[in-house]
Amino acid sequence: MSTSTSRPAGLPHFAVAGIGAGPANLSFAALAEGTVPGAVALFDRRGSHAWHPELMHPGARLQTSWVKDLVTLVDPRNRFSFLNYLVTTGRIYAFLNAQFEAIPRLEYDRYLAWASGELGTIRYGVDITAISFDGVFVLGSGDRPVATADHLVLGLGTRPYVPDCFELPGPHGVLLAEELTGHFTGCRPGPHETAVVIGGGQTGAEAVLSLLRLGLREIRWIGRRPWFAPMDDSPPANDFYRPAYVRHFQSLPAHVRDSVATNQILTSDGVSMATLQELYQVNYEIRLAEGRSPVMMLPGRDVVGAVERQGSVVLRCRRLGGGQEQHSARHVVLATGRRPAPLPLDPELLDLAPGEEPVIEADYSLRWKHGDTNRIFAQNRAQSSHGVVDPNLSLLSVRSAVIINSLLDRSVFSIRDEQVHTLWA
Ligand SMILES: Cc1cc2nc3c(=O)[nH]c(=O)nc-3n(C[C@H](O)[C@H](O)[C@H](O)COP(=O)(O)OP(=O)(O)OC[C@H]3O[C@@H](n4cnc5c(N)ncnc54)[C@H](O)[C@@H]3O)c2cc1C
């Protein structure tokens, strides 16, 4: 790891600056402690720690084993393990006796908050809006520089994807799943207000359940796939979430990787079986009590148009079996997926065309002209080169370990994945 000498005066300087303090960069900072020489700092635009707070629905569960925490898969003795969190916060016995099959999402958030506090290297309330290079990286927030760094680790996360037909200024009454709770705060909807949820994944299913909890009884759930598919959590599906498979995926020709990843998408983007069961059971029980099912399932529809008409949003849908149909509702909730957040890098750094994604190497570094001396790593934006695992929590610690090994140019962490019984083609 090399460090630069010429630095703009008066700014705090770090060996490594991590932009974003979500799970990806928390994992990096946790493993960097004691291994990466010089100061490591994380910057986050949020005022304090929070993990997808707008989607923290009651009862929501993590879709990943807690063993796959910030550090354990590569460094089980690290002080930032989930087990250490349980022990040092005094909840280990209560946690064990609760016998969770999948832990509450809220518990994972509490764990991240604990790790963030223990790290003590996070600068909250700093939105990094521009990063330029002048012998060192100069991090800017608004119109002022705030820090310099020799190396960068970008952990910017994702933001909701809005289909073209809803681009702002879209019809009134359309909201993101993230806005649902706030939307109804202080104005509880009547049971006969109508709502459509668009998006057949976990966020869509949770939005439907939230609307039911709010008392709505006229809900339509639209998904593009032919059915509301559960997440495949089987052993062969989980094989895609191990380092050996990531290596295999990287060895595939670039032109086949996208279709391979697309075929595996239900191992990541399907709905948790427990959520689907809850939804079907609530729908059934409300029909028992009230004589009418509150949720109509509408799979196999692609929403291609949206207009506002007399206080409702009218949706035009293309049907999988051919033809079109319309659905209208007072509220339309978008749960239509997420895309990587925009890079705050000065355009000349990477020389990319607008909207173009940078090339991400096997070690998660970005190709750029001073990449030999000043490294830029990117977390959670390498699905096309590293496979379906990349946007997930499963191999967070492995990805951070690969980055640290590359940054220090030696094998600080050994990544062992033996006993592979599958020969992928
Ligand atoms: C509701 C929900 C539940 C999920 N549950 C699971 C699960 O159970 N299992 C699983 O494997 N995956 C899950 N995922 C997918 C994924 O693992 C998470 O989105 C995860 O949080 C990604 O981590 P991250 O650190 O890359 O991004 P994020 O958690 O999004 O963190 C990025 C951080 O960067 C900050 N930031 C961004 N840009 C800037 C900037 N320019 N300057 C300063 N700060 C910035 C943001 O404020 C944010 O705090 C879930 C996703 C969602 C939305």
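1. Arg338 and Glu178 are joined by a salt bridge, with 2.6 Å between the closest N and O atoms. The two partners come from distant parts of the chain, 160 residues apart. Arg338 sits in strand E16 (residues 338–340), while Glu178 belongs to the loop between strand E8 (174–176) and helix H5 (180–183). The model is a predicted one, and the distances quoted in this note are computed from it.

2. Strand E8, which precedes the loop of Glu178, also contains Leu176. Leaving aside residues up to four places away in sequence, Leu176 touches Pro160, Val162, Val333 and Leu334. Arg220 is 44 residues from Leu176 in sequence, and the C-alpha atoms of Leu176 and Arg220 are 16 Å apart in space.

3. On the division into domains: the protein chain splits into domain 1 (13–157 + 341–408) and domain 2 (164–231 + 269–334). Each domain is thus written as two segments of the chain. Between the C-alpha centres of domain 1 and domain 2 the distance is 32 Å. Seven residues of domain 1 and 11 residues of domain 2 take part in the contact.

4. How much area do domain 1 and domain 2 bury between them? The value is about 770 Å², and carbon and sulfur atoms carry 48% of it. On the domain 1 side, the residues that lose the most area to domain 2 are Leu55, His57 and Gln63. Together these three make up 65% of what domain 1 buries in the contact.

5. Salt bridges are the next item. The structure as a whole holds 19, and the count between domain 1 and domain 2 is one. A further pair to inspect is Glu206 with Arg105, whose side chains meet in a salt bridge at 2.6 Å, N to O. By the listed bounds, Arg105 falls in domain 1 and Glu206 in domain 2.

6. How do helices H8 and H9 pack? Helix H8 covers residues 243–251 and helix H9 residues 254–263. Their axes are 9 Å apart and make an angle of about 140°. H8 is therefore oblique to H9, since only angles over 145 degrees count as roughly antiparallel.

7. The residues that meet across this helix pair are Tyr245, Phe249 and Gln250 from H8, and Arg257, Val260 and Ala261 from H9. By class, the contact of H8 with H9 consists of four nonpolar residues, one polar and one charged.

Conventions
Residues are numbered from 1 along each chain as its sequence is written. This is a predicted model: local features need pLDDT of at least 70, side-chain atom pairs count only at pLDDT 80 or more; totals for chains, interfaces and linings use all residues. Side-chain values use heavy atoms; hydrogens and water are left out. Axes are lines fitted to C-alpha atoms, for helices over the stretch in contact, and angles run from 0 to 180 degrees between N-to-C directions. Helices (H or I, at least four residues) and strands (E, at least two) are DSSP runs, numbered from the N terminus. Angles under 35 degrees count as roughly parallel, over 145 as roughly antiparallel, 65 to 115 as roughly perpendicular and the rest as oblique. Contact means heavy atoms within 4.5 Å. Ala, Val, Leu, Ile, Met, Phe, Trp, Tyr, Cys and Pro count as nonpolar, Asp, Glu, Lys and Arg as charged, and the others, Gly among them, as polar. Domain bounds come from an automatic or database domain assignment. Buried area is the accessible area (1.4 Å probe) that two parts lose on being put together, summed over both. A salt bridge is a side-chain nitrogen of Lys or Arg within 4 Å of a carboxyl oxygen of Asp or Glu.
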